[in-house]
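Here's a quick walk through some of the backbone geometry and packing in this one. Have the viewer open as you read.

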Amino acid sequence: MNIEDFLQMYTKEFIRIRRELHQCAELSTLEYETGALIRRYLEQWGVSYDYPVAETGIVAEIQGTSPAGSPPEAFPNKTVALRADMDALPVYEDSCHSCCSKHPGVMHACGHDAHMAIALGAARFFQENRHDFTGCIKIFFQPAEETIGGASRMVQEGCMERPAVDYVIGLHVAPYLSTGDIEIKYGKLYAASDEVSITVKGKGCHGAYPDTGIDAIVLAGQLISALQTIISRNVAPTDPCVLSFGTIHGGCARNILADTVDLTGILRTTDPNTRTRIQEMISQMAQALPAAMGGHGKAVFSPGYDALINTDALVDILADTAAPILGREHIRWKPAPGMGVEDFSHFLEKAPGVFYHLGCSNPHKGISAPLHSRDFSLDEGCIALGIHLQTALAKALLQT
């Protein structure tokens, strides 16, 4: 069965599945009901899978068989993986929405329900068409994208091995794009993230006699201003980099100089070398500036997701695959990387791959609210397009 006939037959079913997934929204690491629903459909269609992976994740696997009489070189023995994230967000959904979440305070406000429905559609298509390809299709149903990085945990547990993945594909719905459009980009697509914690120590004293102490609040204020010059004067404007501090805590009373101030923030970079260099400069400044004023300072970094960097050759294959499906006029080219993060990057550290954005808005239907908002919804027409694109791209890569 070709993909057009498959979608004509099953699109309504996958829209229903998406709504079912939306109603059982669960937070990161708690995707038990969601996983049970996914496994039920995989079993119904005869798709084999491994569970649990990273506690609540699932790796489905469909092995193809070469058509009789076909030359082996026409069907290389490749393995292509498709990823769908499973977790929802701690957002209260408007109860007037159709298929509203049945778990108050938990909502698929980032569209992961659509990602799973698309991945399930691809799983069923390849399962029913095993005779049309050789090689292997893997589908990663990944937990905890929004929090602790379920991709890294799945990689550590071997999802990219046995058989080794040659190419990996990911997508994310995008409400700033209309249904029928996609957005793609060569190279750097999302930033790397690091949490920054700085402790500044001075010497407490009575506020009426500041000369007898060392004001940690003044030290921290000077340090925050100075740290911003690292970005503005040491990083090229063409090399995206952001340093932001979100909390500052210190002091115990209005008339006592604080002896300790704690700062927390984030560092976002798109270049691995810039990431290392800026961390070193922040550490040096956090020590040197307070010391020059009689105090002490120390910076500590907690690494988050790495930068998501697409494989350029696969971006070309995606564009060529999508053009006859959507029309080239519906392929948007992202001009610069976003400073958000996406843990799909961990899969790309193990194999070449491509990640792209799938339009899901429809202003004529009043569907345009942003991700992570309680009003977020999506035009369900994007489900069939997502299945079509993912299966077509996977088939192209199986023969690359």
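## The four-stranded sheet

In this predicted model, four strands line up in the order β10-β12-β8-β13 to make an open sheet, and the pairing is antiparallel. The edge positions go to β10 (241-250) and β13 (296-303); each has a single partner strand, so one side of each has no neighbour in the sheet. Going from one strand to the next, the twist averages 20 degrees.

Zoom in on β13 and its partner β8 (residues 192-201): the two pair in the antiparallel sense over 8 bridges. If you want a spot to anchor your view, V196 sits opposite F301 in β13.

## A helix across the sheet

Now bring in helix α6 (residues 272-292). It lies across β8, β10, β12 (260-269) and β13. Relative to β13, α6 runs at about 155 degrees.

## Where α3 meets α9

Next up is a helix pair. Helix α3 (residues 112-128) packs against helix α9 (residues 381-398) at an angle of about 50 degrees, and their axes are 9 Å apart. That angle makes α3 oblique to α9, and the crossing is right-handed.

Which residues do the meeting? On the α3 side they are A114, A117, I118, G121, A122, F125 and F126, while α9 brings C382, I383, G386, I387, Q390, T391, A394 and K395. Sorted by character, the residues of this contact come out as 10 nonpolar, 4 polar and 1 charged.

## Two cis prolines

Check your omegas here. The peptide bond joining Y51 and P52 is cis, with omega at about -5 degrees, and P52 lies in strand β1 (residues 48-53).

Another cis bond joins R162 and P163, again with an omega of about -5 degrees. P163 lies in a loop, the one between α4 (150-156) and β5 (167-178).

## Positive phi without glycine

T29 isn't a glycine, yet it has a positive phi of about 75 degrees. You'll find T29 in the loop between α1 (3-23) and α2 (32-45). Its relative accessibility is 25%, so T29 counts as partly exposed.

A54 is another residue other than glycine with a positive phi, near 55 degrees. Its place is the loop between β1 and β2 (57-63). Is A54 buried or exposed? Buried: its relative accessible area is 0%.

Notes. Residues are numbered from 1 along each chain as its sequence is written. This is a predicted model: local features need pLDDT of at least 70, side-chain atom pairs count only at pLDDT 80 or more; totals for chains, interfaces and linings use all residues. Side-chain values use heavy atoms; hydrogens and water are left out. Axes are lines fitted to C-alpha atoms, for helices over the stretch in contact, and angles run from 0 to 180 degrees between N-to-C directions. Angles under 35 degrees count as roughly parallel, over 145 as roughly antiparallel, 65 to 115 as roughly perpendicular and the rest as oblique. A crossing is left-handed if the near helix is turned anticlockwise from the far one by less than a right angle, and right-handed if clockwise. Contact means heavy atoms within 4.5 Å. Ala, Val, Leu, Ile, Met, Phe, Trp, Tyr, Cys and Pro count as nonpolar, Asp, Glu, Lys and Arg as charged, and the others, Gly among them, as polar. Two strands pair if DSSP finds at least two bridges between them. Buried means under 20% relative accessible area, exposed over 50%, partly exposed in between (1.4 Å probe, protein chains only).
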